[in-house]
Amino acid sequence: MAAFKSPFVRGCLASAPFVIVVVPFALLFGVVATEAGLDLLQVMLFSLSVFAGASQFAAVQLMQDQAPVLVVLATSLAVNLRMVMYSVAMTPHLGAAPLGTRAVMAYFLVDQSFAASQMEFERHPDQPVADKVAFFFGTVAPIAPMWFAATFAGAVVGEAIPPDYALDFAVPITFLAICAPMLRSIPHVVAAAVSILAALVLSGMPYGTGLLVAAGLAMTAGALAEQALQKMRRA
Amino acid sequence: MIDAATFWIVVPALALGTYLIRFSFLGFLGNRALPGALQRALRYTAVAILPGLVAPAVIWPAATGGQTDPARLAAACVTLLVGIATRSVIGAILAGGVTLYAILWL
């Protein structure tokens with residue numbers, strides 16, 4: 001990495017491997033959203049304006065289930081709440097940049113740019129703010145264009161696929177695939193298990209509100225499990 | 001099918017809300033630490049919602065009129081197991097998809 005002095009180029013290289021994850025994910029979103037009845041313009045506006053894959057899948061699934069608008073919004077926004085942590089973690093490094101620059105960076109603060117930047121800033125915390133900003137934009141450069149291009153390609157493909165190819169199951173499979181690598185600690189497994197059980201038990205609650213209750217319970221369970229584990233380790 | 005009116009309310013609101021979440025500390029709250037309890041809870045948001053969102057669709061798929069379907073159940077299990085074993089999102093999606101179509105085709 002030292003061969004490249006430009007922080008922008010180093011950022012590009014650091015996030016390039018994520019392209020392999022982003023492209024199929026965006027393709028699938030394009031296909032699934034089109035199959036759900038959205039047209040090309042709607043699909044593109046969706047990906048451009050929200051720019052957060054998991055919440056976009058969640059919103060499509062819930063809108064298709066005819067959940068009320070408020071429930072769709074609450075659930076999809078809750079999926080994105082993890083980004084509060086990203087915003088907190090980036091502030092010591094990027095907070096001194098001009099407001100306009102920060103406003104643009106906020107739009108591009110996604111899982112991949114965060115992961116790559118966080119690793120770099122922890123390794124080299126003493127570089128000038130301008131270099132950190134350049135690195136951050138470097139991490140965005142391979143990801144964002146591919147996200148939009150692959151969404152577009154997926155939407156075009158989706159319009160050509162007949163509706164009876166069991167694509168109903170693409171969303172559940174995608175979500176399970178995203179969740180599996182998240183189960184990296186006991187509290188994460190506890191949270192996921194509570195989420196599944198509570199969502200099934202509460203699925204009779206009106207307007208999809210059962211999921212929100214299940215999410216609250218699961219989050220609490222995860223946090224409590226983490227605390228309990230810490231206490232056990234200290235004892 | 002997604003209702004057009006729902007779409008045009010949900011997407012702008014979701015876009016704005018998501019942007020504000022990202023902008024929050026970087027933009028106007030500045031350099032401060034989150035309370036420990038809040039930080040702990042935020043760590044588990046995604047894993048608290050996504051499994052619960054798909055669980056009913058796995059057990060009672062809409063495509064079969066809510067009847068539990070062995071093909072879809074098997075595909076879900078394979079996806080989860082491959083995902084846990086390989087940590088590869090794409091590998092898990094492919095394995096699950098192949099399982100689903102293989103069983104449906106048999």
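## A walk through chains A and B

Start in chain A: A:Gln66 sits in the loop between H4 and H5. Select A:Gln66 and look at its backbone: phi is about 60°, a positive value although the residue is not a glycine. Most residues other than glycine have a negative phi. Is A:Gln66 buried or exposed? With 13 C-beta neighbours inside 10 Å, A:Gln66 counts as partly exposed. Keep in mind as you go that you are looking at a predicted model.

Now hop back along the chain to A:Phe51, in the loop between helix H3 (40-50) and helix H4 (53-64) of chain A. A:Phe51 also has a positive phi, near 55°, and is not a glycine either. The surroundings are another matter: A:Phe51 is buried, because 22 other C-beta atoms lie within 10 Å and 20 are enough to count.

**Zoom out to chain A**

Show chain A as a cartoon. What secondary structure does chain A have? You'll find twelve helices and zero strands. Turn the chain around and you can follow its C-alpha trace across about 60 × 55 × 30 Å along the principal axes. A compact globule of 235 residues would have a radius of gyration near 18 Å, and the 20 Å of chain A agrees with that. Colour by burial and 49% of the 235 residues of chain A count as buried. If you draw the contacts in chain A with a separation of 6 or more, 74% of them join residues 24 or more positions apart.

**Split chain A in two**

Next, give each domain of chain A its own colour: domain 1 takes in 7-180, and domain 2 takes in 183-235. Their centres, taken over C-alpha atoms, are 25 Å apart. Where the two meet, ten residues of domain 1 and eight residues of domain 2 make up the contact. Which helix gives the most to the domain 1 side? Select helix H5 (residues 69-80) of chain A, which supplies four residues there. By class, that domain 1 side has eight nonpolar, one polar and one charged residues.

**Bring in chain B**

Turn chain B on and look at where it meets chain A: 62 residues from chain B and 80 residues from chain A take part in the contact. On the chain B side, H1 (4-29), H2 (36-43), H3, H4 (70-86) and H5 (89-105) each supply at least two residues. Pick out H1 of chain B for the largest share, 18 residues. Colouring this side of chain B by class gives 45 nonpolar, 13 polar and four charged residues.

**Finish in the core**

In soluble globular proteins, nonpolar side chains tend to be buried together. For the last stop, then, look for the largest nonpolar core, a set of 103 residues. Which members touch the most others? Select A:Val32, A:Ala191, A:Ala218 and B:Leu50. Helix H3 (residues 45-59) of chain B gives the most to this core, with ten residues. The core lies between domain 1 and domain 2 of chain A, because both give residues to it.

End on B:Leu50 and show what is around it. Leaving aside neighbours within four places in sequence, B:Leu50 is in contact with A:Ala54, A:Phe175, A:Ile178 and A:Cys179.

Definitions and conventions. Residues are numbered from 1 along each chain as its sequence is written. Chains are lettered from A and ligands numbered from 1 in the order in which they are written. This is a predicted model: local features need pLDDT of at least 70, side-chain atom pairs count only at pLDDT 80 or more; totals for chains, interfaces and linings use all residues. A nonpolar core is a set of buried Ala, Val, Leu, Ile, Met, Phe, Trp, Tyr and Cys residues joined through C-beta atoms within 7 Å. A residue is buried if 20 or more other C-beta atoms lie within 10 Å of its own, exposed if 12 or fewer, and partly exposed in between; C-beta atoms are placed from the backbone. Domain bounds come from an automatic or database domain assignment. Two residues are in contact if their C-beta atoms, placed from the backbone, lie within 7 Å. Ala, Val, Leu, Ile, Met, Phe, Trp, Tyr, Cys and Pro count as nonpolar, Asp, Glu, Lys and Arg as charged, and the others, Gly among them, as polar. The radius of gyration is taken over C-alpha atoms; the globule rule is 2.2 Å times the number of residues to the power 0.38.
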